[in-house]
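Got your viewer open? Let's take a walk through this one together, selecting a few residues at each stop.

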Amino acid sequence: MLCGGSRRIRGTKDEEKGAATPGSFRRANITLAKLGDITAPIIQTTDQKRESKNVQDKRAFNRNSAEGLASSSVPRSIRWTLGLSQQELNEESLKKLAEKRHSERERYRFMVTSLKVSEETNGKSQGSDSKETSPELKHAELKRMIEKDVERTYQDIQFFNTFEVKDLLSRILLVWCLKCGALGYRQGMNELLAVCLMAVKIDADHFSKNKLNLRQARSNHSRSFKRPDEKKDDKGSPKVNMENEGCDFARQTRVRAHTREFTALPDGLCDGDLFSIEADTFVLFRLLMQKMSPLYHSHPRDGRVEGGTCTAMEEGINGGVLGEKGIGSGSMKTPLDRRVYNVHHVMLRRLDPRLYFHLENFEVLPQLYMLRWLRLLFARETKDLDQLMVLLDTLLGKPEGFKLLDFVCLALVAALRNTLLTKAVEPAFVLSTLLKRHYIADAEALIKAAEILADDALLTRP
């Protein structure tokens, strides 16, 4: 049963004394010493924080490293779309995605248009309907809630400070809540959408720019073979300049490599116009929320439309009422309840009994710290968006990547082990350590640790 209030799971007396006596329960195969070497680079130290603060006060975002083309010629947003769709990355899947792009954009255009018509109609009829529960008032309340959260989304990054971007984020969230999401709007969705928008925007700009560069490279390449001033030898044959031939060969090699990289993608996947970017962001966000929506359920009824009479907007507005007996109630009926219980009370106990009973002695509920990790996909824990993008490449960019999410949580707790065991003297410090922001400095090390934990059969066995 999920611990709530003062109720908690206890081990044997020997287990509660510390890690010297592991107990009779099943233990993980991996040793803490080996895991500690892997997780050591994950956490940003105080000296590193001070150094990064002196260089730049705001959270850094390197557009060059975020373009997602270092390990693959396929843009990051396309890899995320295919991964969330449970499709392998190959030429056939890219071709099918390109064929669907136009219809998906037109479908989004229709939803936006219908939403505008609905808002105009509601505006005209609002004066005649004074009921507090009218659909018009619920619509207005939902819109105000979204705009309030969007207003403070990543305001330390210049890209999100413009009115156009804020309006775009608000419109996508409103369309999704009213047309697609039976769950309705919940806080945190705005940050997930912002990351999706950044990935799509960078890929669209990069792909459009390189298509232009590719045309210029091809033009220069064709002109390089024109040699009006060629010199001929005594027999009338053109003289061969080995130095120039080497330069030509190197230039031709670069052009061929450039051509292979950017012509392998079908046209229409990453269009640079503003509406295509908005529509593609909506598609990516919709796929992401299909994966994430169970993590936002605070009640077994969340996300369900009973009898087809409950609208998405009503479900979202009334979500607070349904959530009164949600996370931490011990019901174990929601996916998030079961996931949190498994990570903390099963996996962590098998991996590190000493740390597990240390947290239990302080009566630290796993929901208090793991809720934000799971719902925001560590967006507030990563040092910057570069590290977040690297982490999401694994979680979203592969068909089976989302299964690694529980092990990322476990690896992050293990990375904080020394601090929690040596400095935690009261529950408030434990929670502040687990909930501090921007401390994941090496997402690749975190992924590596999670993959090692996922390979431990005893750790995951029921």
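**Stop 1: a tryptophan**

Start by selecting W176, which sits in helix α7 (helices are DSSP runs of H or I with at least four residues, strands are runs of E with at least two, and both are numbered from the N terminus). W176 has a relative accessible area of 4%, so it counts as buried; buried means under 20% relative accessible area, exposed means over 50%, and partly exposed is in between, using a 1.4 Å probe and protein chains only. Now add Y108: W176 and Y108 are 68 residues apart in sequence, and their C-alpha atoms are 9.8 Å apart in space.

Before moving on, a quick note on what you're looking at. This is a predicted model, where local features need pLDDT of at least 70 and side-chain atom pairs count only at pLDDT 80 or more, while totals for chains, interfaces and linings use all residues. Residues are numbered from 1 along each chain as its sequence is written, and side-chain values use heavy atoms, with hydrogens and water left out.

**Stop 2: salt bridges**

Side chains of opposite charge can pair when their charged atoms come close. A salt bridge here is a side-chain nitrogen of Lys or Arg within 4 Å of a carboxyl oxygen of Asp or Glu. By this rule, the count comes to 18 salt bridges.

Stay with helix α7 and pick R171 together with E278: they form a salt bridge, with the closest N and O atoms 2.7 Å apart. E278 is in helix α10 (residues 274-292) and R171 is in helix α7 (residues 163-179), so this pair ties together parts that are 107 residues apart in sequence. Which of the two is buried? E278 is, at 6% relative accessibility, while R171 is partly exposed at 23%.

Next, select D352 and R417, whose side chains meet in a salt bridge at 2.3 Å, N to O. D352 is in the loop between α13 and α14 (353-361) and R417 is in helix α18 (residues 417-423), so look for a link between distant parts of the chain, 65 residues apart. Both D352 and R417 are buried. Then highlight R101, R105, D271 and D280, which are joined into one network by salt bridges that share partners.

One more pair: D149 and R152 form a salt bridge, the closest N and O atoms being 2.7 Å apart. D149 is buried, at 4% relative accessibility.

**Stop 3: two crossing helices**

Show helix α13 (residues 335-351) and helix α15 (residues 366-376). They pack at an angle of about 115°, with their axes 10 Å apart. Axes are lines fitted to C-alpha atoms, for helices over the stretch in contact, and angles run from 0 to 180 degrees between N-to-C directions. That makes α13 roughly perpendicular to α15 (65 to 115 degrees; under 35 is roughly parallel, over 145 roughly antiparallel and the rest oblique).

To see the contact (heavy atoms within 4.5 Å), select L336, R339, V340, V343, H344 and H345 of α13 with P366, Q367, Y369, M370, L371, L374 and R375 of α15.

**Stop 4: covered helices**

Finish with helix α17 (residues 405-415): 11 of its 11 residues are buried, so the rest of the structure largely encloses it. Among them are F407, C409 and V413. Helix α4 (residues 76-84) is mostly covered too, with 9 of its 9 residues buried, including W80. Last click: Q86, which follows α4 and has a positive phi, near 60°.
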